[in-house]
Amino acid sequence: MNLQADTVLTKRENQIAGLAFCGLAKKEMADKLGTAYGTINVILDKAYKKTGTSKLNELGAWGGKRAFFLKGCR
């Protein structure tokens, strides 16, 4: 895993990284954001490439270190 420190995520990628940090599964993310499960997968693929991660928990940890989205995990 080659983490990219200076990566900028889109608003939606950032939201999903935040939900990953909170421990939500992809289906839960789709329900919470009102989008399709397949859309979550597409956005995750883009975020993984940008951040150098390959798993949901890695993306959450990547974002957690940057505190872009830490408004509480509800």
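This report walks through the helices of a predicted model, how they pack, and what lies between them.

## Overall layout

The chain has four helices and zero strands, and along the sequence the pattern reads α-α-α-α. Of its 74 residues, 36% are buried. Sequence-distant pairs feature strongly in the contact list: among contacts with a separation of 6 or more, 59% join residues 24 or more positions apart.

## Helix α2 against helix α3

A good place to start is the pair formed by α2 (residues 26-33) and α3 (residues 37-51). Their axes lie 8 Å apart and meet at an angle of about 110 degrees. The range for a roughly perpendicular pair is 65 to 115 degrees, so α2 counts as roughly perpendicular to α3. On the α2 side, the contact is made by Lys26, Lys27, Met29, Ala30 and Leu33, while α3 contributes Tyr37, Ile40, Asn41 and Leu44. By type, the residues of this contact comprise six nonpolar, one polar and two charged.

Which residues of α2 are buried? They are Met29, Ala30 and Leu33. These residues span an arc of only 100 degrees around the axis, which places them on the same side of α2. As a general point, an α-helix has 3.6 residues a turn, so residues three or four places apart point the same way. The cover over the buried residues of α2 includes α1 (11-21), α3 and α4 (56-64). Just past the helix, α2 is followed by Gly34, which has a positive phi, near 65 degrees.

## Helix α1 against helix α3

Helix α3 also packs with α1, here at an angle of about 90 degrees and with the axes 10 Å apart. The two helices, α1 and α3, are therefore roughly perpendicular to each other. From α1, the contact draws on Arg12, Glu13 and Ile16; from α3, it draws on Ile40, Ile43, Leu44, Lys46, Ala47 and Lys50. The residues in this contact of α1 with α3 divide into five nonpolar, no polar and four charged.

## The core and Ile40

Nonpolar side chains tend to be buried together in soluble globular proteins. In this model, the largest nonpolar core has 16 residues, and those with the most contacts inside it are Ile16, Met29, Ile40, Leu44 and Leu59. Each of α1, α2, α3 and α4 supplies at least two residues of this core. Helix α3 gives the most to the core, with five residues.

Ile40 deserves a closer look. This residue sits in helix α3, and its relative accessibility of 0% makes it buried, because buried means under 20%. Setting aside neighbours within four places in sequence, Ile40 contacts Ile16, Lys26, Met29, Ala30, Leu33 and Thr35. Ile40 also appears in both helix contacts described above, with α2 and with α1.

## Helix α4 and its surroundings

What is buried in α4? The buried residues there are Glu58, Leu59, Gly60, Trp62, Gly63 and Gly64. Their cover includes α1 and α3. Leu59 is also listed among the residues with the most contacts inside the largest nonpolar core.

Phe21 belongs to helix α1 and is partly exposed, with a relative accessible area of 39%. Lys65 is found in the segment after α4; with a relative accessible area of 67%, Lys65 is exposed. Ala25 has its place in the loop between α1 and α2, and Ala25 is partly exposed at a relative accessible area of 37%.

## Pairs far apart in sequence

The table sets out C-alpha separations for four residue pairs, together with their spacing along the chain.

| Pair | Apart in sequence | C-alpha to C-alpha |
|---|---|---|
| Phe21 and Gly63 | 42 residues | 7.1 Å |
| Ala25 and Leu56 | 31 residues | 8.4 Å |
| Ile40 and Glu13 | 27 residues | 9.0 Å |
| Lys65 and Phe21 | 44 residues | 9.9 Å |

Phe21 takes part in two of these pairs, with Gly63 and with Lys65. The partner Gly63 is one of the buried residues of α4, whereas Lys65 is exposed. For the pair of Ile40 and Glu13, the link to the helix packing is direct: Glu13 and Ile40 are both listed in the contact of α1 with α3.

Methods: Residues are numbered from 1 along each chain as its sequence is written. This is a predicted model: local features need pLDDT of at least 70, side-chain atom pairs count only at pLDDT 80 or more; totals for chains, interfaces and linings use all residues. Side-chain values use heavy atoms; hydrogens and water are left out. Axes are lines fitted to C-alpha atoms, for helices over the stretch in contact, and angles run from 0 to 180 degrees between N-to-C directions. Angles under 35 degrees count as roughly parallel, over 145 as roughly antiparallel, 65 to 115 as roughly perpendicular and the rest as oblique. Contact means heavy atoms within 4.5 Å. Ala, Val, Leu, Ile, Met, Phe, Trp, Tyr, Cys and Pro count as nonpolar, Asp, Glu, Lys and Arg as charged, and the others, Gly among them, as polar. Buried means under 20% relative accessible area, exposed over 50%, partly exposed in between (1.4 Å probe, protein chains only). The arc is that of the directions from the helix axis to the C-beta atoms. A nonpolar core is a set of buried Ala, Val, Leu, Ile, Met, Phe, Trp, Tyr and Cys residues joined through side-chain atoms within 4.5 Å.
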